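User: Please take a close look at one part of this model, the open sheet and what surrounds it. I would like one connected account.

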Amino acid sequence: MNNHTDHQDDEIMKLKKLILETPVEVNLTDRIMQHYGENNTKIKNVTRHYSKGWRKAWISIASSIIFLTIITGTAFISPTMAASIKQIPGLNSIFQFANDLGLRIADEKGLLTKIDASDTHNGLTVRATVVSFDGTRVSIGIERTGADNSHLGPLAIEDLKLFINGESIKTYAASEDNNLSIFMSPSQDENAAILEFADLKNQGGKTFPQKFELTLNFTVPGIKEQFKLYLPVEMNTENNLVLTPNINRKYGNINFKLDKIEFTPVTTNLTTQIELPQNMNISQLYSSNESIGYDLFDESGKKMQLISGNGWSPTGGNIEISDTRFAPIESTPKSIVIKPYKYVYKANSKNEFQLDENGNIKVEYIPELQITLPIATK
């Protein structure tokens with residue numbers, strides 16, 4: 001009995017050391033791209049801008065690579081340490097250890113709802129323990145428990161279907177070819193993960209209600225029975241700052257437009273448009289190595305962490321509307337800077353990026369498209 005207690009105390013001390021001394025990794029996307037940048041992949045396009053024709057394929061590829069990277073490249077905390085987390089006051093939320101600054105802030109400031117929605121099959125229980133909704137994205141902390149689930153590897157779910165107040169979430173999209181993107185982020189605990197999605201109100205879809213019941217239907221690898229979770233979701237933030245600057249910039253055949261920016265304590269969401277001449281198609285940007293991404297900087301020049309994004313072409317061709325979510329800017333800035341860029345590819349290649357000395361993908365900023373936006377507040 002004493003040996004168990006000593007071991008548990010040792011795990012708690014390791015956890016405290018991890019919290020106090022380990023630098024927080026704030027951009028999982030960049031690390032994945034660094035690892036796979038030389039292997040004929042264009043994963044970064046998934047989170048920035050992509051045409052409707054191959055959006056789903058790239059999301060599937062990106063999801064697989066994310067899980068493979070986490071499995072092979074990250075030291076998960078042990079089950080004993082995971083259990084120890086729950087015994088330390090204030091250290092019991094999945095969000096607290098997320099690779100997402102916004103979710104850590106949501107945990108710190110109480111901008112979330114603690115819940116207990118669960119379902120059990122074959123001795124395995126899957127439970128939703130926390131949810132945050134800031135008006136731009138819904139984030140859900142999911143855990144699994146069971147007598148022995150070590151053979152399952154990191155938590156994964158399949159055949160996921162979402163319903164809002166009993167209505168398929170597909171009805172919140174503008175059309176059938178613009179389904180909501182659902183993201184699954186592994187946690188430091190292999191028995192936990194964060195599931196996340198955002199509405200398409202800026203892309204012709206319907207706005208989520210401020211309060212609703214969310215139903216999750218899914219399966220777990222190795223178990224045939226379907227799991228069902230019923231979650232109460234309520235908007236956790238107030239007085240979000242929403243601006244519609246309607247600023248245009250031009251570069252060659254590209255018209256770049258900043259439609260909207262939303263500041264919440266959890267997320268900074270930018271809605272942008274890229275428009276080409278009517279005789280051109282957005283897919284031509286990708287095939288000609290001219291695809292556009294962009295970075296967001298606060299007034300001090302700090303680059304904000306990229307979280308996720310989704311894009312759609314309402315015309316099926318020359319226009320693309322994108323929502324890109326970045327980490328929150330913790331206090332309302334006097335200004336922000338948006339720096340669009342092109343990716344730099346290896347010579348005579350359309351799918352291999354050049355890397356800098358630190359292993360990061362090289363980009364070339366486009367000064368003609370840069371936007372500096374003053375933020376006027378009352």
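Analyst: Contact here means heavy atoms within 4.5 Å. The model is predicted. Helix α5 (residues 101-109) lies across β2 (124-133), β3 (137-146) and β7, and the helix runs at about 80° to β3.

The strands just named belong to an open sheet of 5 strands. Its order is β1-β2-β3-β7-β6, and the pairing is antiparallel. β1 (113-121) and β6 (182-186) stand at the edges with a single partner strand each, so one side of each has no neighbour in the sheet. From one strand to the next, the twist averages 25°.

At the β6 edge, the partner is strand β7 (residues 192-198), and the two strands pair in the antiparallel sense over 5 bridges. Phe183 has Glu196 in β7 as its bridge partner.

Next come the aromatic rings. A pair of rings is described by the distance of the centres and the angle of the planes. The structure holds 12 aromatic pairs. One of them is formed by Phe133 and Phe212, an edge-to-face pair with 6.0 Å centre to centre and 70° between the planes. Phe133 is in strand β2 and Phe212 in strand β8 (residues 211-220), so this pair links distant parts of the chain, 79 residues apart.

Phe133 is buried because its relative accessible area, 3%, falls under 20%. Phe212 is buried as well, with a relative accessible area of 4%. Both rings belong to a cluster in which ring pairs link Phe133, Tyr172, Phe197, Phe208 and Phe212.

Note on methods
Residues numbered from 1 in each chain as written. Predicted model: local features only at pLDDT ≥ 70, side-chain atom pairs only at ≥ 80, totals over all residues. Heavy atoms only, no water. Pairing = 2+ DSSP bridges. Helix = DSSP H or I, 4+ residues; strand = E, 2+ residues; numbered from the N terminus. Axes fitted to C-alpha atoms, helices over the stretch in contact; angles between N-to-C directions. Phe/Tyr/Trp six-rings, centres within 6.5 Å; stacked < 30°, edge-to-face > 60°. Buried < 20%, exposed > 50% of the residue type's maximum accessible area, 1.4 Å probe, protein only.
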